[in-house]
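Colleague: Before we settle on any labels for this model, I would like to go through the reasoning behind them with you, one at a time.

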Amino acid sequence: MSLPPDRPIFLERTAYRRRRLEDAARLLPIFAVLAVLVPVWLLPVTVSGAGGMVWLFSLWLAIIVMSAIIHRLLAKAPGQKAPPDEL
C-alpha cells in the first residue's frame, strides 16, 4: 500500500507539534483525575490526611501551570484552525 504522490509522507514540523500540543491538552484532564485518585488509593496505608491535602493542592497548582503553558504554546503556534472571535 503506497501513498498517492501528491501526499507527503510526513507532516510539517509545525503541524506535527501543534497536533501533539492538542493531544497533550486532551490528555491533561485524564492524567489529573488519575493523579487525584492516587492519595485515595494510598490514604489508609501511607498517606496522612494532611499529606493528602498537600498532594491535592500541589497537584491543583501543577495542573493550572501546565494548562497555562499548553494554552500559551497553542496560541503562539501557527495552525490550520483560527480561534473563534465570538464572545
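Modeller: Let us begin with burial, for which the cut-off is a relative accessible area under 20%, while exposed means over 50% and partly exposed lies in between. By that cut-off both Arg-18 and Glu-22 are buried, and please keep in mind that this is a predicted model.

Colleague: What makes the contact between Arg-18 and Glu-22 a salt bridge?

Modeller: A side-chain nitrogen of Lys or Arg has to be within 4 Å of a carboxyl oxygen of Asp or Glu, and the N to O distance between the side chains of Arg-18 and Glu-22 is 3.5 Å, so the pair qualifies. Because the two residues are 4 apart in helix α1, about one helical turn separates them.

Colleague: How many salt bridges does a search of the whole structure find, and what joins Arg-20, Asp-23 and Arg-26 into one network?

Modeller: The search finds 3 salt bridges. Asp-23 meets Arg-20 at 2.8 Å, N to O, and Arg-26 meets Asp-23 at 3.3 Å. These salt bridges share partners, and that joins Arg-20, Asp-23 and Arg-26 into one network.

Colleague: Why does Asp-23 count as partly exposed, and how is Arg-26 classed?

Modeller: Asp-23 has 27% relative accessibility, which falls between 20% and 50%, and it is therefore partly exposed. Arg-26, with a relative accessible area of 52%, is over 50% and so is exposed.

Colleague: How do you know that the charged end of Arg-20 sits over the ring of Tyr-16?

Modeller: The charged end of Arg-20 is 4.9 Å from the centre of the Tyr-16 ring, and the limit on that distance is 6 Å, with the further condition that the charge lie within 35 degrees of the ring normal.

Colleague: Turning to helix α2, why is the pair formed by Phe-57 and Trp-60 called edge-to-face?

Modeller: A search of the whole structure finds 1 aromatic pair. The ring centres of Phe-57 and Trp-60 are 6.2 Å apart, which is within the 6.5 Å limit, and their planes stand at 80 degrees, which is over 60, so the pair is edge-to-face. Phe-57 and Trp-60 are 3 residues apart in helix α2, and so about one helical turn separates them.

Colleague: What makes Trp-60 exposed, and Phe-57 partly exposed?

Modeller: Trp-60 has 54% relative accessibility, over the 50% cut-off, and so counts as exposed, whereas Phe-57, at 46%, counts as partly exposed because its value lies between the two cut-offs.

Conventions
Residues are numbered from 1 along each chain as its sequence is written. This is a predicted model: local features need pLDDT of at least 70, side-chain atom pairs count only at pLDDT 80 or more; totals for chains, interfaces and linings use all residues. Side-chain values use heavy atoms; hydrogens and water are left out. Buried means under 20% relative accessible area, exposed over 50%, partly exposed in between (1.4 Å probe, protein chains only). Rings of Phe, Tyr and Trp (its six-membered ring) pair if their centres lie within 6.5 Å; planes under 30 degrees apart count as stacked, over 60 as edge-to-face and the rest as tilted.
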